[in-house]
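Here is a short tour of a protein model, meant to be read with the structure open beside it. Let us go from single residues to charge pairs and then to the whole chain.

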Amino acid sequence: LVQAFKALRSSLWSAMVWPKQHEDVFTEVSKELKRKLRKGERDWTSLVEEVTKDFFHWRGIQVEEALIAKVVETSRKKGCQRFQLLRRGSQRYVRLSEPTHPNRQRQLRETDRPQQLEVDSNYNFSVEMAKFLREGTRPYKDLAAVVECKSLSCVNQLLQSQQPHKDGRCRFERRQLDRREVLWATPNTLDFREAQERRAEMMADMRKFDAIISQRDGKQVVVEDLPMVQAMWRTVCSWLQSQACHKCRLYDFDEIALDCVPGVMTRYCIFDGDAIEVRVHYFKDTSETLIHNHRSSFFSKILKGSYIHQVWGVSTALSQEHHHYVMNRSHDPSMESPMQKHQGRLKTTNAHSFCEGDWYFLDHETPHTVRPGGGKALTIYIRSKNAAGDTWVRSTDQTLPDQSRTPDTSIEGAEDKMAFLEEIWQLLQPASWQPAKAARWKRHGTRPAA
């Protein structure tokens, strides 16, 4: 009865907790067993206890003994059993099976022991090098620093005789990074596959919405588009928060499009379609922006932080002594021409504090200002690319901040791009997330729950 109850509990747990990820967990358990059994056979009880503890502590996954037993019994490689379960009296032991594939048996017969030791040392050196390069938050090291720890001949031999990932990608690459050469450990197969799937889902939603706006008169987003925009927000947030996607974004830093609005924000363009543009705006130590409107309507969602959003209008009911000043920034991007004097006093018609998770829609004719609270704010910005009007800057006097006259600058440096990506990724992690613990993960797993 006890055995039957344990089997029933294991099956129910698998059906409830891992309906879609069971295959991935099965594969991860198999890989973990291989790593632990490379040095020789292990006692069954201690092995199960160690695997269960590692999965729960580092990945937040509860692994039952029944699943580990199933992996040992059913795991195959090219039709041959991968593990072997032995019994010696009342004790049970597990070890890796001897190679039974004909080609592998022939290789073992034709090679002598010193050559086999050399193969093992190359493999161990490859594993050691991958761990060495992935220390910290970035998966690379300067080639000069690597050569100080390992000989240059060993590094060249590693690059020439390295075994590729399952999808054919190289495990190590020599790359140029801001006029210096680095050795890079590429993302593993699971991380790369997850990043590709999440990115494909995100791009599909964006292209679908872009096609809808392209066929609309005026090509402007409207507030009725909220359901489709919310679906895009979900996929973009999932893509930004994923650790696997973050690793792949660091690897593909050349494709990252960043620019800086001096004194205001850093903009990260995720999608640039025919009718819409999707960006991430990062406000850091920003004072209040100028009173301005936009050339096209847009949606904005607060991912992290908060800011005070003010909508402005002109009061004409007062005496003629009150004036304000206006400039067309679309015709004069550098804002060097004098501002035009208009009658009426600028006043705030609406003010609201937006926090994490809030969103708003703004028409292209509405003047507004943004003042981040707490120093930092991260938003997703979805706008129409087709201009419905001009951008006008308004002021109570004719003075403008010097930084507002500075043109936007593109960020091209690899170090600057990766520093930005790391900063926004860390900002999006929950409070319980510990980067030092993440750096000690042996393999990619699910992030611990907040």
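## Around Cys260

Leaving aside neighbours within four places in sequence, Cys260 is in contact with Met265, Thr266, Asp408, Thr409 and Ile411. Keep in mind as you look that this is a predicted model. Cys260 itself sits in strand β9, which covers residues 257-261. One of its contacts, Thr409, is 149 residues away in sequence, yet the two C-alpha atoms are 5.3 Å apart in space.

Is Cys260 buried, partly exposed or exposed? With a relative accessible area of 24%, Cys260 is partly exposed, because buried would mean under 20%.

## Asn386 and its contacts

Another residue worth a visit is Asn386, in the loop between β18 and β19 (392-395). Not counting residues up to four places away in sequence, Asn386 touches Gly218, Lys219, Gln220, Ala275, Arg295 and Ser296. For Arg295, the C-alpha separation from Asn386 is 8.1 Å, with their positions 91 residues apart along the chain. Asn386 counts as partly exposed, at 35% relative accessibility.

## A loop with positive phi angles

Now turn to the loop between β7 (172-177) and β8 (180-185), where you will find Asp178. Its phi is near 50°, a positive value in a residue other than glycine. Arg179 lies in the loop between β7 and β8 as well, and has a phi near 65°, again positive in a residue that is not glycine.

How exposed are these two residues? Asp178 is partly exposed, with a relative accessible area of 39%. Arg179, at 87% relative accessibility, counts as exposed, because that value is over the 50% cut-off.

## Salt bridges

Side chains of opposite charge can pair when their charged atoms come close. How many salt bridges does the model have? The count comes to 24 salt bridges, and three of them are described here, starting with Glu32 and Arg35. The closest N and O atoms of Glu32 and Arg35 are 2.3 Å apart. Both residues belong to helix α2 (residues 22-37), and because they are three residues apart there, about one helical turn separates them. Glu32 is buried, with a relative accessible area of 3%, whereas Arg35 is partly exposed at 27%.

The side chains of Lys247 and Asp191 also meet in a salt bridge, at 3.0 Å from N to O. Lys247 comes from helix α11 (residues 243-251) and Asp191 from helix α9 (residues 189-214), so this pair ties together parts that are 56 residues apart in sequence. Asp191 is buried, with a relative accessible area of 1%, while Lys247 counts as partly exposed at 27% relative accessibility.

## A strand pair and a network

Glu277 and Arg383 form a further salt bridge, with their closest N and O atoms 2.8 Å apart. Here the partners are in strands: Glu277 lies in β11 (residues 276-284) and Arg383 in β18 (residues 368-384), so the bridge ties together parts that are 106 residues apart in sequence. Glu277 counts as buried, at 10% relative accessibility.

Some salt bridges share partners, and in this way Glu32, Arg35, Lys36, Arg42, Glu50 and Asp54 are joined into one network.

## Positive charge on the surface

Which residues gather in a patch of positive charge on the surface? They are Lys77, Arg134, Lys166 and Arg171. To find the patch, you could start from Arg134, in the loop between α6 (113-133) and β6 (140-142). Arg134 is partly exposed, with a relative accessible area of 35%.

## The whole chain

Stepping back, the secondary structure of the protein comes to 13 helices and 20 strands. Of its 450 residues, 42% count as buried. The accessible surface comes to about 24,900 Å², and carbon and sulfur atoms account for 50% of that area.

Among contacts with a separation of 6 or more, 72% link residues 24 or more positions apart. Cys260 with Thr409, 149 residues apart in sequence, is one pair to look at with this in mind.

Note on methods:
Residues are numbered from 1 along each chain as its sequence is written. This is a predicted model: local features need pLDDT of at least 70, side-chain atom pairs count only at pLDDT 80 or more; totals for chains, interfaces and linings use all residues. Side-chain values use heavy atoms; hydrogens and water are left out. Patches are made of residues with over 30% relative accessible area and no salt bridge: like charges are joined within 9 Å, nonpolar side chains (Val, Leu, Ile, Met, Phe, Trp, Tyr) within 5 Å. Accessible areas come from the Shrake-Rupley method with a 1.4 Å probe; for residues, only the protein chains shown count as cover. A salt bridge is a side-chain nitrogen of Lys or Arg within 4 Å of a carboxyl oxygen of Asp or Glu. Lys and Arg count as positive and Asp and Glu as negative; His and the chain ends are not counted. The place of a charge is taken as NZ of Lys, CZ of Arg, CG of Asp or CD of Glu. Helices (H or I, at least four residues) and strands (E, at least two) are DSSP runs, numbered from the N terminus. Buried means under 20% relative accessible area, exposed over 50%, partly exposed in between (1.4 Å probe, protein chains only). Contact means heavy atoms within 4.5 Å.
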